[in-house]
Amino acid sequence: MSILNDLPQIPATQAKQAFGEMLDRLRTSNAVAITSHGRVKALVSTPEMWSERESQFARDTDLLERKLARAQQSRVELDRLQRHAHLAVDLLSSSADQQALIVSEAKARVARWRGHALCSDDYIDRWNQLLSLPVHELAKEMIGDCGGWGNALRQNTPFSMKKKTTDVAQA
């Protein structure tokens, strides 16, 4: 309670007997502590102090909300990265026929995006480039930065990213 100890203090009996003097003290301080038996029992403050406290609280709340939103977005992006990493491992460990099937399904989805104008050409063009790479390079790019587009491409992915039953139970 160091904040209370730093405030000007007035005994309760004096506050009762000399209310005007206590109000005069508020001109030099935003708050006055009223004490009884050596302990702070009440605070008297100016409206300006409360207004400043409310403003500071609002600023702190806004800052915390922004930090929370950034942390939540980072978690979402990490989840997408992990799912693409699992897909890359599955892709690399699959047979050539299975690899071809996974890539052809992804290419078909990108073609559908273009045909129905479902997303920006930026995503379509970048995914078309990635899907034309050899599988081992595609797997590496799926979890890479992709020239600053990594998070965006993982957000708008042509791969089926269904969570496994065990993943859903853990979420």
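**Exercise 1. The sheet**

In which sense do strand 2 (residues 31-36) and strand 3 pair, and over how many bridges? Work this out, then place both strands in their sheet.

*Solution.* The model is a predicted one, in which local features need pLDDT of at least 70 and side-chain atom pairs count only at pLDDT 80 or more, while totals for chains, interfaces and linings use all residues. Residues are numbered from 1 along each chain as its sequence is written, and side-chain values use heavy atoms, with hydrogens and water left out.

Step 1: strands are DSSP runs of E with at least two residues, and helices are runs of H or I with at least four, both numbered from the N terminus; two strands pair if DSSP finds at least two bridges between them. Strand 2 and strand 3 meet this with six bridges, in the antiparallel sense, and Ser36 stands opposite Arg39 in strand 3.

Step 2: the open sheet has three strands in the order 1-2-3, with mixed pairing. Its edge strands, each pairing on one side only, are strand 1 (9-11) and strand 3 (39-45).

**Exercise 2. The aromatic pairs**

Find the aromatic pairs of the whole structure and state which parts each of them ties together.

*Solution.* Step 1: rings of Phe, Tyr and Trp (its six-membered ring) pair if their centres lie within 6.5 Å, and planes under 30 degrees apart count as stacked, over 60 as edge-to-face and the rest as tilted. The search finds two such pairs.

Step 2: the rings of Tyr123 and Trp149 have centres 5.6 Å apart and planes at 85°, so this pair is edge-to-face. Because Tyr123 lies in helix 6 and Trp149 in the loop between helix 7 and helix 8, the pair ties together parts that are 26 residues apart in sequence.

Step 3: for Trp127 and Phe159 the centres are 5.7 Å apart and the planes at 80°, so this pair is edge-to-face. Trp127 lies in helix 6 and Phe159 in the loop between helix 8 and helix 9 (165-170), so parts 32 residues apart in sequence are tied together.

Step 4: buried means under 20% relative accessible area, exposed over 50% and partly exposed in between (1.4 Å probe, protein chains only). Trp127, at 1%, counts as buried, and Phe159 counts as buried at 5%.

**Exercise 3. Positive phi**

Is Ala117, with its positive phi, buried or exposed, and what is the case for Cys146?

*Solution.* Step 1: Ala117, although not a glycine, has a positive phi of about 50°, and it lies in the loop between helix 5 (96-115) and helix 6 (121-131). At 65% relative accessibility, Ala117 counts as exposed.

Step 2: Cys146 has a positive phi near 50° and sits in the loop between helix 7 (135-142) and helix 8 (150-155). Its relative accessibility is 18%, so Cys146 counts as buried.
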